[in-house]
Amino acid sequence: MTTTTARQRRAALLVLLVMWLGLWFAGSQYRSLLEPDEGRYAEVPREMVASGNWVTPRYDGVLFFDKPALQYWGTALAYEAFGANNWSARLWGLLTGLLGMLAVGWAGARAFGRTAGISAALVLGSSLLWVVGSHLDTLDLGVSAFLGLSLCTFILAQLPDASTRAQRGWMLLTWAAMAAAFLSKGLIGVVFPGGALFFYMLWTRQWHLLKRMHWLSGLPLLLVLALPWFIALNLRHGQFLDYFFIRQQFTRFLTDRDDRAHPIWFFLPVLVIGMFPWLALLPAALRVPPRQTGFDARKLLWIWVLMIFVFFSVSHSKLPLYLLPVFPAVALLIGDAIARMRARALGIGIAIAAALLLIAIPLALLWHVPSDLLALAAVFHGYTRHLAWVMTLMALALAVAAWLAWRGRKLAGVGVAAFAGLGLMQAALIGFQALAPAYSAAPLSAAMRPWLKPDAPIYMVDTLQRGLPFYLRHQVTLVGEAPYDLRDGLRWQPQLLWSLAAFQHAWRAQPDALAVITPQRFAALLMRGLPMRVIASSPRWVLVRRPPVAADAHAQASVDNRAPPFATSVACPHVSLSAAPPSTATACSPVSPSQAPAASSNTGDG
């Protein structure tokens, strides 16, 4: 009977695991990449694969040194295995999100007990911000997962029952996780673990932990894993180290240059809302740990949360996903609190989440249409109704979870609540696809594809839909104003940014050309007599093609009478369907110096 019961339990756990993985990966292929981050971070690794250059990150051929290369490599490998699509572009975040769950589950079970470990894994995997971060192609989730892994493996190495061999193995994994975090987003990969350990030792006076770090094997491992790419890229592009460490790391933290300044309390609501449906358990989890002799994992977790929270709060650059590195530690503290609290207290905490969800339903239905969605007002209201139905169903599921916990079935209650939290966010994300015309380049690429010929140039005039090169497998030519995230790269490669005069001349001579133009610039060019025929439009852009010569001969002649004398051959924009760098793009006729944009000496990969 006992053997039969054990088999049934294992079978049930296997079914639940398959259900969780199915829900975790649901919708990733269906949802279009969102602008601007997902489009950008999907295209950089695609260009690595297409060009064969896995050292130098480029977006649309422009040097892009903002972030290290680990996620690009992981995504590029996914492209090699599965092709470049929405799902493979997001696969790195999906897998590292699961890695974070596995790490906190294992560490929680070893440090605080089985119930705490399972609860911590479920709490992390169903928290609103962790789910969103895992299902978007950004770099914040990857670095957060590896930072969480370094925290968890360090805790495992310091447990009193860890053998000498196990301690060394866990510490080497800690050093490797820090290297991966460093290769994911830079200095915070080593600053956060090192800072947390320093403040922990300062609080507890346990300076002997420095002797258990395995410096002689761990530090070389970190350097061997983390430094070669930085060295190789700087050998090819000497401006890289100064730009990456000074401009991207220190300047962004200390100044408002990137226009991401927010009040010092910005991350408080991010933490509270981001932990839904577990927000009612935060006070119990974040209480200052009591005094304890020996290594105290709770104190280290508490310091980790406080230090990172303060770090980002005083920074001049704030975005919600920046706070993700605290979530593995918070999940471990909540898992420990769940294991220690009474069943009825847990039931009340989950019931509070259900009540808050019910309160939010009328707020969703009364949500005013944002100004950038006025053209999709009916679709937006349909999405809010979809949210209201989903929130109603998830509130009922949370009520069931609260009842189970109240009756003493704590793990069952946590499991149902976790499925409800993950299901809520997945339904919200999948439903958001209805608004893709306003937030993704996929609809624009679909409108453009029937008109696109293999060697036809595509111009982006005063605008850039960052996912467009990814969806079309086709680089574009930037015209006019430099996009904010490519300004530094275009300073090094100014020839990749065309002037309006060069664009207008090229446009008249290229019958298959397409252009995406801001409405304001479109009106101005139309007033100048530039021949254009509208294919599609939105409040943000107008897609035009070059009309047949016979249809606009009179207009073209009138424009040519006012145009400066140009040579008959024109400069070639990026037209390679394989997204090769400009040096290997399709050859074009030479141009006169007055006609082409200024050249740069820093264009090659070295």
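**Strand pairing, helix packing and a pocket in the predicted model**

Strand β3 (residues 458–461) pairs with strand β6 (residues 514–517) in the parallel sense, over 4 bridges. Two strands count as paired if DSSP finds at least two bridges between them; helices (H or I, at least four residues) and strands (E, at least two) are DSSP runs, numbered from the N terminus. The model is predicted, and local features need pLDDT of at least 70, side-chain atom pairs count only at pLDDT 80 or more, and totals for chains, interfaces and linings use all residues. Residues are numbered from 1 along each chain as its sequence is written, and side-chain values use heavy atoms, with hydrogens and water left out.

The chain comprises 25 helices and 8 strands. Of its 606 residues, 55% are buried, where buried means under 20% relative accessible area, exposed over 50%, and partly exposed in between (1.4 Å probe, protein chains only). Of the contacts (heavy atoms within 4.5 Å) between residues at least 6 apart in sequence, 74% join residues at least 24 apart.

An open sheet of mixed pairing is formed by 6 strands in the order β5-β4-β3-β6-β8-β7. β5 (497–498) and β7 (533–537) occupy the edges with a single partner strand each, so one side of each has no neighbour in the sheet. β3 also pairs with β4 in the parallel sense, over 3 bridges. Y459 of β3 stands opposite A515 in β6 and opposite T477 in β4. From β3, I458 and M460 point one way, while Y459 and V461 point the other way; all are buried.

Two helices lie across this sheet. Helix α23 (residues 500–509) lies across β3, β4 (477–479), β5, β6 and β8 (542–545), and runs at about 145 degrees to β3. Helix α24 (residues 519–527) lies across β3, β6, β7 and β8, at about 120 degrees to β6. Axes are lines fitted to C-alpha atoms, for helices over the stretch in contact, and angles run from 0 to 180 degrees between N-to-C directions. In α23, 8 of the 10 residues are buried, so the helix is largely enclosed by the rest of the structure. The buried residues of α23 are L500, A502, F503, Q504, H505, A506, W507 and R508.

Helices α9 and α14 were compared with their expected spans, taken as 1.5 Å times one less than the number of residues. The 17 residues of α9 (residues 188–204) should span 24 Å, which agrees with the 23 Å between its end C-alpha atoms. For α14, 18 residues should span 26 Å, and the end C-alpha atoms are 26 Å apart, in agreement.

The buried residues of α9 are I188, G189, F192, P193, G195, A196, L197, Y200, M201 and T204. They pack against α7 (140–158), α8 (164–185) and α14 (297–314). Just after α9, R205 takes a positive phi of about 65 degrees. In α14, the buried residues are A297, K299, L300, L301, I303, W304, V305, M307, I308, F309, F312 and S313. Their cover includes α4, α7, α9, α12 (267–274) and α15 (327–340).

L94 is located in helix α4 (residues 86–112). L94 is buried, with a relative accessible area of 0%. Residues up to four places away in sequence excluded, L94 touches W24, F25, S28, W87, S134 and H135. The C-alpha atoms of L94 and S28 are 9.1 Å apart, with the two positions 66 residues apart along the chain counted as their separation. Q426, in helix α18, is also buried, at 2% relative accessibility. Beyond its neighbours within four places in sequence, Q426 is in contact with L23, W24, F25, A26 and H135.

The second largest pocket holds about 1,100 Å³ of space. On a 1 Å grid over the protein atoms alone, a cavity is a set of points where a 1.4 Å probe fits but cannot get out, whereas a pocket is an open set with protein on both sides within 12 Å along at least five of seven lines; lining residues have an atom within 4 Å of a point. Grid points are joined across faces, edges and corners, and a volume is the space filled by probe spheres set on the points. The second largest pocket is lined by 22 residues, of which L13, L16, L17, I118 and L122 lie nearest its centre. At least two residues of this lining come from each of α1 (2–25), α4, α5 (114–126) and α18 (410–431).
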